[in-house]
2 protein chains.
Amino acid sequence: MSATEKAEAKPPMRDALVAAAFQLFLERGYEQTTVDDIVALAGVGRRSFFRYFPSKEDVVFPDHERCLADMTAFLAASEADAEPVRRVCDGARLVLRMYAENPSFSVQRYRLTKKVPGLRAYELSVVWRYERALAEYLRGRFTGGSDGSLRADVIASAVVAAHNNALRSWLRSDGEGDATATVDHALGYVQAAFGAAPAPPADEHPEDVVVVVSRRGAPLWRVVQEIETTLGRS
Amino acid sequence: MSATEKAEAKPPMRDALVAAAFQLFLERGYEQTTVDDIVALAGVGRRSFFRYFPSKEDVVFPDHERCLADMTAFLAASEADAEPVRRVCDGARLVLRMYAENPSFSVQRYRLTKKVPGLRAYELSVVWRYERALAEYLRGRFTGGSDGSLRADVIASAVVAAHNNALRSWLRSDGEGDATATVDHALGYVQAAFGAAPAPPADEHPEDVVVVVSRRGAPLWRVVQEIETTLGRS
DNA sequence: CTTTCTCCCGGCACTCCGTGCCAGGTACTC
DNA sequence: GAGTACCTGGCACGGAGTGCCGGGAGAAAG
């Protein structure tokens, strides 16, 4: 019973490694911390670290693997939906939810990845896998039209960029503002640009909205900007 | 004079290292080739390899550093242009030009990066720097409107995605088709989506867009749907 | 021609990441 | 109580990347 005088017992060692790693990363820096330092603080063997994390960078993103699986399952579980763009936007919201569940942890990690080039590169590969999942889903939905592959890649990329823009904006504010609203606004911009008229779920009257637009050649973003100003957003 | 019996003399050793590296990568695989193997084949010291290339991955992308500098200079040299989206598309075309200058080399590199996860990750960081350069330029041009940062990120991401989609399509065909036409088509899609209207070059009046919305409580997607119907899209 | 200064190259030693292998320990089963 | 399967730690190894230093070639100065 005296085995765990300071180390945590219940969090099965994986969490202990993450905690020890972040403690050292924050007080000493990522590159100045070796794996031996982490396992020494956690009180475990060096070999066990690489059992739970394939590399030193993985300890910084402990939950992305599960989130990616969730997103893949979420996209796969969609029946023939008429609005794939909305679907991928909802998939991106899953990622935001993961970040929002632990604001302080997410902010700490953001500070780290912003300063360490190696972590930025690793984060890119993580984001790339999300983007690929979205693009693969869209590719399956765009088989009908022409340029399906191109549209899938561009829209997936835009969705990820909008999500990340809003996410980073929220992270820069130390997780104080409303993350969901920020991301909704950013994704709304993408949906507007790529024509995601979301299927009205039920009996809404088209008369709810009356829109008059002059100068049909005006760029779409100009229209969206005007809309948002009119609706009092931004 | 007998010092260089097989090694190239004029290509100052940097090119010799690239040639030796690719020869081994193609016949033995990237991960199965050590830096010692490369320098042994090139007939130089191991220390010299890391003088010319910061890491083993860098030898696979020997010209991207220069291309990134070219793109940055190209964007910086643009006077107050009324069409920033077109400008970043032209910037992306610089990258394509670099690939098209050495089709066989580009195809070989594509095969490598497609199979080796480590090289894919490194390529992502390279692409990310291009994307950041485009986004930074757009951010400077979008200071006027609202959501300038969001628009800059989304458009830069979409441009890069479209460019890469067309580029990879061309690389998959072993560099046979017309790369320029493919990329032009892909970038045209992005320009159309983000309102690069062929070019009203100068004096645009804010009155170009007039929007009237009733029922301010209506959901945004409803407004967007109505807009698109009015504009005759989708 | 000699000397000196400078720059580039090669070699050595070191740290750290990541992996394969094996021994010991614990818990669960029969 | 014996057997078994899994988890853990220790050891050793290969490869990447870095700091340091000695040496040689070439240019500049005498």
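Okay, let's start with how chain A is split up: domain 1 covers 14-59, and domain 2 covers 61-202. Keep in mind that what we're looking at is a predicted model. If you take the centres of those two domains of chain A over C-alpha atoms, they sit 28 Å apart. They do touch, though: 9 residues of domain 1 are in contact with 8 residues of domain 2. On the domain 1 side of that contact you'll find 6 nonpolar residues and 3 charged ones, with no polar ones.

Now, over to a pair of helices in chain A. Helix α5, residues 84-101, packs with helix α9, residues 179-193, at an angle of about 155°, and their axes are 11 Å apart. Anything over 145 degrees counts as roughly antiparallel, so that's what we call α5(A) and α9(A). Their crossing is right-handed. Who makes the contact? From α5(A) it's A:Val85, A:Arg86, A:Cys89, A:Ala92, A:Arg93, A:Leu96 and A:Ala100, and from α9(A) it's A:Ala179, A:Val183, A:Leu187 and A:Gln191. Sort those by type and you get 8 nonpolar, 1 polar and 2 charged.

Last stop, the DNA. Which residues come nearest to DNA strand C? Of the 14 around that strand, they are A:Ser55, A:Lys56, B:Gly45, B:Arg47 and B:Ser48. As for helices, α2 (35-42) and α3 (46-52) of chain A, plus α3 (46-52) of chain B, each give at least two residues to the surface near DNA strand C. The largest share, 3 residues, comes from α3(B). And the mix on that surface is 5 nonpolar, 4 polar and 5 charged.

Note on methods
Residues are numbered from 1 along each chain as its sequence is written. Chains are lettered from A and ligands numbered from 1 in the order in which they are written. This is a predicted model: local features need pLDDT of at least 70, side-chain atom pairs count only at pLDDT 80 or more; totals for chains, interfaces and linings use all residues. Axes are lines fitted to C-alpha atoms, for helices over the stretch in contact, and angles run from 0 to 180 degrees between N-to-C directions. Helices (H or I, at least four residues) and strands (E, at least two) are DSSP runs, numbered from the N terminus. Angles under 35 degrees count as roughly parallel, over 145 as roughly antiparallel, 65 to 115 as roughly perpendicular and the rest as oblique. A crossing is left-handed if the near helix is turned anticlockwise from the far one by less than a right angle, and right-handed if clockwise. Two residues are in contact if their C-beta atoms, placed from the backbone, lie within 7 Å. Ala, Val, Leu, Ile, Met, Phe, Trp, Tyr, Cys and Pro count as nonpolar, Asp, Glu, Lys and Arg as charged, and the others, Gly among them, as polar. Domain bounds come from an automatic or database domain assignment. A residue is near a molecule or strand if its C-beta atom, placed from the backbone, lies within 6 Å of it.
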